[in-house]
Amino acid sequence: MAESPISQGHFVHNNTIPPAQQSLMGLFSLKGRTAIVTGAGAGIGLAVAQGYAEAGANVAIWYNSNLKTVERAAEIEAKYGVQCKAYQVNIKDSQAVENAVNLVVKEFNGRLDIMVANSGIPWTQGPMVDSEPDHYSNVVQTDLDGTFYCAKAAAAQWRKQKKEGNIEGFRYGSFIATASMSGHIVNVPQLQAAYNAAKAGVIHLCKSLAVEWVQFARANSVSPGYIATEISSFVAEETKNIWKDKIPMGREGEAQELKGAYLYLASDASSYTTGADILVDGGYTLP
């Protein structure tokens, strides 16, 4: 067990050490590090995986049912000259998540530096009073429970790596969860109470873990607004136009516009950032 970061109600002084690197580009580099990105077959997860590979990281990309992920992994490996491999993982199964993390560490130079819990599914049944309990369970288990399982498995590895101190270049783990602006506001016109609650839970989970893990890892979240990906492909164009009416930038975002936020949180550039949630929503939550 790691020592507690808190003693007699006060935080222990010098719980962390700043990076020695002073170069800005050096701080953003992920060269030689290993990252896991869940839900990486398409959309936000794929964009993040590509961004990490471009920054020098070896990347394990997880998927549930999108078999094209195997092809995407080969493309990333060839384009960026890093190790990239696809793994089919049911993130609603805590043991499957733990086993997959251990396998990635074994196959990626015995280390883990970054875990991005990005897998998520939308709420599609409108008013909760008319919804099916199974749909509620599926949304919450995927969006919140799956994030918790990813965090738990990654934290065990990071605590071990920090304690043993034998991984070259490893300083602290970085956990990043994909939350949502829906964890901050109530979306209209669509009704999605369970999704909103799950994403609010993700944000507060990361804040809580930031304190628990401070001696061996950082925990942060990114809250995208409306992003043009497959997850919203079922939404009618009429509804999307209502969204755009409420976005100061007047459009949906592109997945590539999120890469910078995820790179910042993964890298030493954010060494003094933990428990933060970065909103990337085109200004939706401002008015």
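Axes here are lines fitted to C-alpha atoms, for helices over the stretch in contact, and the angles between them run from 0 to 180 degrees between N-to-C directions. With that in hand, the tour of this predicted model can begin at a pair of helices.

**Helices H2 and H8**

Select residues 43–54, which form helix H2, together with helix H8, and look along the place where they pack: the axes are 9 Å apart and make an angle of about 55 degrees. An angle of that value makes H2 oblique to H8, and the crossing of the two is right-handed. To see the side of H2 that takes part, show Ile44, Ala47, Val48, Gly51, Tyr52 and Glu54, which meet Lys259, Tyr262, Leu263 and Ala266 in H8.

**Helices H4 and H5**

Next, select helix H4, residues 94–107, and helix H5, residues 133–164, whose axes are 9 Å apart and whose packing angle is about 40 degrees. H4 is therefore oblique to H5, and H4 passes H5 in a right-handed crossing. From H4, the residues making the contact are Ser94, Val97, Glu98, Val101 and Val105, while H5 contributes Tyr149, Cys150, Ala153 and Gln157.

**Aromatic rings**

Now display the rings of the aromatic side chains, of which a search of the whole structure finds seven pairs. Select Tyr226 and Tyr284: the centres of their rings are 5.6 Å apart and the planes stand at 80 degrees, so this pair is edge-to-face, the class for planes over 60 degrees apart. In sequence the two residues are 58 residues apart, and the pair links distant parts of the chain, with Tyr226 in the loop between strand E8 (217–224) and helix H7 (237–245) and Tyr284 in the segment after strand E9 (277–280). Are these two tyrosines buried or exposed? Tyr226 has a relative accessibility of 10% and counts as buried, and Tyr284, with a relative accessible area of 11%, is buried as well.

From there, move to Trp158, Phe175, Trp213 and Phe216, which ring pairs link into a cluster. Then centre the view on Tyr172, where Lys162 lies over the face of the ring, at 3.9 Å from the ring centre.

**Backbone details in the loops**

Switch to a backbone display and select Val188 and Pro189, which are joined by a cis peptide bond with an omega of about 10 degrees. Pro189 belongs to the loop between strand E7 (173–178) and helix H6 (193–212).

Which residues that are not glycines have a positive phi? One of them is Asn14, where phi is about 55 degrees; Asn14 lies in the loop between strand E2 (10–11) and helix H1 (24–28), and with a relative accessible area of 72% this residue is exposed. Another is Asn109, with a phi of about 60 degrees, to be found in the loop between H4 and strand E6 (114–117). Asn109 is likewise exposed, its relative accessible area being 58%.

**Helix H6 and the loop before E9**

Continue to helix H6 and select Asn196, which is found there. At 10% relative accessibility this asparagine counts as buried, because the cut-off for that class is under 20%. Leaving aside its neighbours within four places in sequence, Asn196 is in contact with Ser182, Gly183, Ile185, Val186 and Asn187, so it is useful to show these five residues with it.Further on, select Ser208, which is also in helix H6 and is partly exposed, with a relative accessible area of 33%. Add Gly275 to the selection: Ser208 and Gly275 are 67 residues apart in sequence, while their C-alpha atoms are 7.2 Å apart in space.

The last stop is Thr274, in the loop between helix H8 (259–266) and E9. Thr274 is partly exposed, with a relative accessible area of 36%. Which residues does Thr274 contact, leaving aside its neighbours within four places in sequence? They are Ala210, Arg218, Ala219 and Asn220. To finish, select Ala86 together with Thr274, two residues that are 188 residues apart along the chain and whose C-alpha atoms are separated by 28 Å.

Terms used: Residues are numbered from 1 along each chain as its sequence is written. This is a predicted model: local features need pLDDT of at least 70, side-chain atom pairs count only at pLDDT 80 or more; totals for chains, interfaces and linings use all residues. Side-chain values use heavy atoms; hydrogens and water are left out. Rings of Phe, Tyr and Trp (its six-membered ring) pair if their centres lie within 6.5 Å; planes under 30 degrees apart count as stacked, over 60 as edge-to-face and the rest as tilted. Helices (H or I, at least four residues) and strands (E, at least two) are DSSP runs, numbered from the N terminus. Buried means under 20% relative accessible area, exposed over 50%, partly exposed in between (1.4 Å probe, protein chains only). A charge sits over a ring if NZ of Lys or CZ of Arg is within 6 Å of the ring centre and within 35 degrees of the ring normal. Angles under 35 degrees count as roughly parallel, over 145 as roughly antiparallel, 65 to 115 as roughly perpendicular and the rest as oblique. A crossing is left-handed if the near helix is turned anticlockwise from the far one by less than a right angle, and right-handed if clockwise. Contact means heavy atoms within 4.5 Å.
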